[in-house]
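Here is a short report on one chain. It covers overall fold content, surface and cysteines.

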Amino acid sequence: MTRTFGTAVTAILLSLNAICMHAQSVQEKLATDVNCAAGLHYLRPTTANDDTPAPDGKQPFYINHYGCPAAYYMEKAEAYDAPFLTLTKADSAGALTPLGRDVLHRVGLIRSDAHNRSGELTSKGVSQARELMTRLVERFPAVFTAKGYYSGRSVVENHCIQTMEEQMVQLSHLRQPLLSNITSSYQERGFMNPTDKVLDGERNNMTATVLYAEFFKRNTDDTQLMSALFSDTAYVSACVDASMLSHQLFTLAGSVQMTGNATLPPLFDIFTKDEIYRHWRKQNAWNYVTYGSYKPNGGNQPYMQRATLRNMMHMGDSVLKRYNPMIHIRICPQSVIMGLACLMELDSCGLETADLATLEERGWADYSIAPLGGSIEMIHYRRNRQDTDVLVKVLLNGHEAQLPIATDCAPYYHWNDVKRYYLRRLYKYENTRFTKKIK
């Protein structure tokens with residue numbers, strides 16, 4: 001289906017507007033909500049979003065939902081143990097300042113709260129998962145009917161399974177009777193947590209590694225924090241990996257929001273605003289190098305999720321003649337959601353650059369792509385079963401996302417255009433891989 005030049009211009013303007021909206025200064029964003037600095041450990045807000053009315057009386061009939069796990073305790077106990085042990089050893093040597101001893105106490109409380117809970121959904125995660133499902137039901141009541149079919153699947157990871165279960169339990173509470181099926185199996189990981197040795201090998205090539213190391217160094221200065229925590233500079237030089245400890249404490253600071261435990265002390269206050277910003281920049285750049293279209297490592301890392309996108313296209317075609325509505329709930333690691341957002345080029349996620357220093361000003365911010373509880377949802381619309389012009393829109397963390405496809409009814413897109421664009425994109429990459437292999 002051909003679109004007019006004017007329509008293409010409109011799409012470009014909408015895309016630029018989306019970039020400008022996301023490019024609100026990260027420093028301004030952190031000043032209003034410092035928890036955003038946690039990046040992938042930022043909790044997606046559960047507030048309601050508005051919808052642009054669908055054209056021509058079309059109604060939603062299918063939702064394909066790929067989601068991140070809700071808030072959970074960090075997966076490795078070492079994340080809690082390592083900074084605690086470093087500070088405990090320094091305290092025994094009499095090398096901590098009063099603030100350092102206070103931080104040791106706070107870290108101890110956070111560590112105790114997480115004891116033997118590695119990778120589990122927190123109480124905040126339980127409520128977040130249920131609230132997000134409630135918002136989805138309230139937003140698309142036409143899909144959530146007694147005649148609908150609801151499928152929940154999860155990768156075999158505890159916090160992902162728990163997120164799926166909490167959402168499906170909430171759905172059963174909101175809608176009765178409910179015809180549903182839930183499962184968690186390694187059989188699904190081919191499209192719900194795919195791997196690729198070729199892309200793994202390309203990711204950290206020499207050029208990408210050197211450039212990121214330089215960016216990391218430019219954004220690292222732990223002098224202030226170390227002098228605030230330690231009274232003996234000689235001890236720090238001999239016994240403390242300042243960069244590592246600073247990173248560990250910063251990660252713990254971001255984890256506090258995940259617990260739902262109001263009695264836990266904050267940790268972000270031990271960092272200056274500039275330190276918070278620089279820590280965030282380093283992790284944001286690392287996420288871009290790992291999951292985004294970073295040119296020095298080939299720019300192909302988003303294709304790690306090509307099986308996920310192909311499954312999304314397949315399922316969209318398979319439901320076209322269904323009589324009753326359907327929803328697929330798929331809970332995957334955050335890496336899948338981030339890579340899929342980049343592969344689909346949602347809003348600013350498809351950014352291709354070699355300049356890590358300009359990511360945020362060009363709209364690429366990890367906390368807005370794959371936060372805890374984040375999701376990509378493709379909503380399918382039609383007037384009735386005979387309607388051949390199915391429309392779709394994509395929600396990225398609840399907001400209507402811009403696709404790199406011309407349309408005459410944004411934020412809605414013609415399904416045939418969407419399918420054609422993405423399948424051609426996947427074919428082009430696969431063909432390039434095949435050509436390289438046979439040379």
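The chain has 16 helices and ten strands (DSSP runs numbered from the N terminus: H or I of at least four residues for helices, E of at least two for strands). Its radius of gyration, taken over C-alpha atoms, is 23 Å. The globule rule (2.2 Å times the number of residues to the power 0.38) gives 22 Å for 439 residues, so the chain is as compact as a globular protein of that length. Along the principal axes, the C-alpha atoms fill a box of roughly 75 × 55 × 40 Å.

This is a predicted model: local features need pLDDT of at least 70, side-chain atom pairs count only at pLDDT 80 or more, and totals for chains, interfaces and linings use all residues. Residues are numbered from 1 along each chain as its sequence is written, and side-chain values use heavy atoms, without hydrogens and water.

Buried residues (under 20% relative accessible area, 1.4 Å probe, protein chains only) make up 53% of the 439 residues. Contacts are heavy atoms within 4.5 Å. Of those with a separation of 6 or more, 81% join residues 24 or more positions apart. The exposed area is about 19500 Å² (Shrake-Rupley method, 1.4 Å probe). Carbon and sulfur atoms supply 53% of that area.

A disulfide is a pair of cysteine sulfur atoms within 2.5 Å. The count comes to zero. Two cysteines show the gap:

| Cysteine | Closest cysteine sulfur | Relative accessible area |
|---|---|---|
| Cys-342 | Cys-349, 5.4 Å | 0%, buried |
| Cys-349 | Cys-342, 5.4 Å | 3%, buried |

The sulfurs of Cys-342 and Cys-349 are too far apart for a bond.

Key
Buried < 20%, exposed > 50% of the residue type's maximum accessible area, 1.4 Å probe, protein only.
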